[in-house]
Amino acid sequence: MTIHLVNPSHVSFGIGVITPRWLYVLASATPTSYGVPVLVDETLETLDAATILAGDVVGIGIHTGNALRGYEIGTAARRAGAWVVYGGIHATLYPDEARNLGGAHAVVTGDGDHVWAEVLRDCAGGTVRPHYAGGQVEGADFLPARWDLLPEGKYMWASVQTLRGCPKHCSFCSVWRTDGQRPRQRGPKTVIEELLDLRRRGFRFIALADDNFYPVTLEDLRMAARREDKSHLRQLEVIRAERFALMEQLARLPDDTVFFTQITMEAAEDQEFLRAMKKAHIKGALVGVESVTEEGLKSIYKNFNESGENLVQRLQAFRDQGVHVLGSFIFGLPGDRPDSFDATLRVAEQSGITFAQFVMLTPFPGTLDFAAWEKSLGDNPEHIGGIPLTRHWLIPQTLRPKVYIDHPVMSAEQIRSQTQDVWDRFYSLPSIWTRATASCVSFKARFAFLLISKLYRQMYANTGIATDSARVNRSARWARWMARPCRRLFAGRPMPDLQLR
Ligand code: B12
Ligand code: SF4
């Protein structure tokens with residue numbers, strides 16, 4: 001009985017930017033009595049279905065964007081006589097869909113770390129159940145990943161998670177609902193062990209794949225301090241202290257280590273936290289800017305973000321502490337107007353952010369936006385290729401609409417083409433070169449920056465939802481070709497004897 005773990009993707013690049021962590025965590029959750037699991041990441045190469053035999057177990061992890069490809073794989077695996085098990089955020093939200101369309105024998109909802117062994121035991125014994133509840137595992141019980149199974153030279157960045165959950169409640173995001181609002185933090189010891197393992201193997205660039213690296217803000221502390229009952233304040237102080245304890249340990253890794261994480265912009269007002277990040281080698285962070293106007297932020301329950309001049313200052317504060325920002329912006333919010341595209345690009349350029357992504361408002365299941373949108377379409381929504389619009393991820397890629405939520409003043413095509421145009425302008429050669437000169441001293445570093453910017457743009461903008469399929473194919477070819485030299489830029493020297501300083 002071979003265990004296969006498959007990360008589905010409809011485009012493969014030969015080289016991956018970030019390791020899909022779930023593959024290596026589930027590998028770690030696989031008892032050694034079943035042998036070494038076979039890991040297939042389709043963002044590298046397409047699965048060879050002939051490798052799946054009757055009696056094998058095929059574990060497929062899906063998020064909404066790759067669910068359809070996941071169902072194709074599951075259906076083929078079931079036909080081959082294998083046990084088919086789904087997990088991941090989309091399977092957690094739609095377990096029945098994986099059973100009806102993806103040939104699932106079983107679906108794991110929530111975290112797979114500890115329930116996976118039980119699923120395998122039941123497959124082996126022929127007593128598999130349709131549903132296993134993995135729940136929300138406590139930080140102390142997160143399994144470390146099995147990095148010994150990494151294919152050599154295939155990824156630019158490794159990924160290590162230090163916490164799950166986010167206390168906010170942004171309307172377009174499902175994390176706070178599926179992972180919970182209480183931050184579940186791992187202790188520094190197990191995080192550091194994994195990081196040392198990765199550095200010994202030659203990984204210098206590591207993504208801290210946390211939902212929100214800054215779970216307690218100064219404002220949270222101020223508000224809790226005003227309450228008569230101080231127990232909440234104490235809890236927040238503990239969480240904050242644990243963050244600092246982790247960063248102190250991260251700081252003991254070699255100086256050329258580079259971490260990247262995801263964080264809310266509130267961290268910009270917390271100089272002590274920013275200084276600790278700098279010491280901890282956290283040199284980049286994805287910041288969800290989303291909208292540059294107050295009205296836009298209000299509409300997505302993200303009023304804790306700043307707009308206008310304050311926004312520019314906040315983003316610059318990261319830069320001042322040496323933390324490069326990947327700003328993430330959303331287009332198609334109800335308050336957006338035709339001039340919002342230019343206004344957003346201006347802010348992106350003025351605030352000194354290093355990278356940016358421009359996404360179109362998409363109703364992802366599990367979010368408040370999705371619930372409101374689904375309700376607004378009533379009991380009989382439009383169908384495309386026989387699929388209701390409210391199950392948009394099941395519509396074949398070529399027929400899938402680009403924009404789902406009707407906008408009060410702009411057409412879907414206007415939003416799509418303007419979004420693409422902003423990507424084009426932010427990543428034009430002169431614009432990248434200006435940022436390269438501001439960020440890098442040597443010519444070699446600037447050239448590397450240029451390559452990486454172009455690769456990022458091709459992989460994420462040109463294969464994303466705003467793109468027509470001809471452009472996707474062209475970009476995938478280009479990115480395949482570029483990915484190998486770019487990976488070399490990230491490769492570190494293996495340090496087999498490395499210990500903490
Ligand atoms: C890091 C990250 C990224 C990184 C790296 C992706 C990568 N290669 O790993 C980057 C920045 C590239 C990225 C990009 C995007 N991401 Co992202 N990402 C994350 C993040 C923060 C962490 C993922 C992670 O590593 N988790 C750690 C692992 C261990 O957890 P896990 O994957 O959940 O797996 C556990 C369980 O789900 C379960 N499980 C998972 N699979 C399986 C399979 C089986 C068989 C079993 C039994 C169990 C099981 O067990 C695992 C261990 O407990 C998540 C948020 C989150 N909380 O998951 C968002 C998240 C997955 N991303 C999301 C989105 C929307 C995107 C983008 C579409 C954003 C955009 N607009 O461009 C792109 C899509 C990229 C793509 N083409 O796939 C959404 C997905 C929502 C949805 N409904 O699908 C999430 C949930 C964040 C959110 N805001 O809602 N992402
Ligand atoms: S978008 Fe970010 S800050 Fe908002 S709920 Fe999701 S993870 Fe938290």
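In this predicted model, the count of aromatic pairs comes to 25. One of them joins Y94 and W393. The centres of these two rings are 5.2 Å apart. Their planes meet at 45°, so the pair is tilted. A tilted pair is one whose planes are neither under 30 degrees apart nor over 60. In general, a pair of aromatic rings is described by the distance of the centres and the angle of the planes.

The position of this pair in the chain was examined next. Y94 lies in the loop between helix 3 (89–93) and helix 4 (95–101). W393 lies in the loop between strand 17 (387–388) and helix 15 (412–426). The two residues are 299 apart in sequence, so the pair ties together distant parts of the sequence.

The model also contains an open sheet of six strands. Their order is 3-1-4-5-6-7, and the pairing is parallel. Strand 3 (38–41) and strand 7 (131–135) stand at the edges. Each has a single partner strand, so one side of each is left without a neighbour in the sheet. From one strand to the next, the twist averages 20°.

Within this sheet, strand 5 (residues 83–87) pairs with strand 6 (residues 106–110). The pairing is parallel and runs over two bridges. Here V85 stands opposite A106 of strand 6. Helix 1 (residues 21–29) packs on the sheet. Helix 1 touches strand 1 (3–7), strand 3 and strand 4 (57–61). The direction of helix 1 makes about 165° with that of strand 1.

The surroundings of ligand 1 complete the description. Ligand 1 is surrounded by 34 residues. The closest are T64, G112, D113, D179 and D211. Several polar contacts involve oxygen atoms of the ligand. A polar backbone atom of G112 is 2.9 Å from an oxygen atom of ligand 1. A polar side-chain atom of R164 also lies 2.9 Å from an oxygen atom of ligand 1. For H63, an N or O atom in the side chain is 3.2 Å from a ligand oxygen atom.

Helix 1, strand 4, strand 5 and strand 6 are the elements that give two or more residues to the shell around ligand 1. Helix 1 gives the most, with four residues. By type, the shell divides into 16 nonpolar, 12 polar and six charged residues. Helix 1 thus appears twice in this account: helix 1 packs on the sheet, and helix 1 gives four residues to the shell around ligand 1.

Definitions and conventions. Residues numbered from 1 in each chain as written. Chains lettered and ligands numbered in written order. Predicted model: local features only at pLDDT ≥ 70, side-chain atom pairs only at ≥ 80, totals over all residues. Heavy atoms only, no water. Pairing = 2+ DSSP bridges. Axes fitted to C-alpha atoms, helices over the stretch in contact; angles between N-to-C directions. Contact = heavy atoms within 4.5 Å. Near = heavy atom within 4 Å. Polar contact = N/O pair within 3.5 Å; in protein donor to acceptor, adjacent residues only side chain to side chain. Nonpolar A, V, L, I, M, F, W, Y, C, P; charged D, E, K, R; others polar. Phe/Tyr/Trp six-rings, centres within 6.5 Å; stacked < 30°, edge-to-face > 60°.
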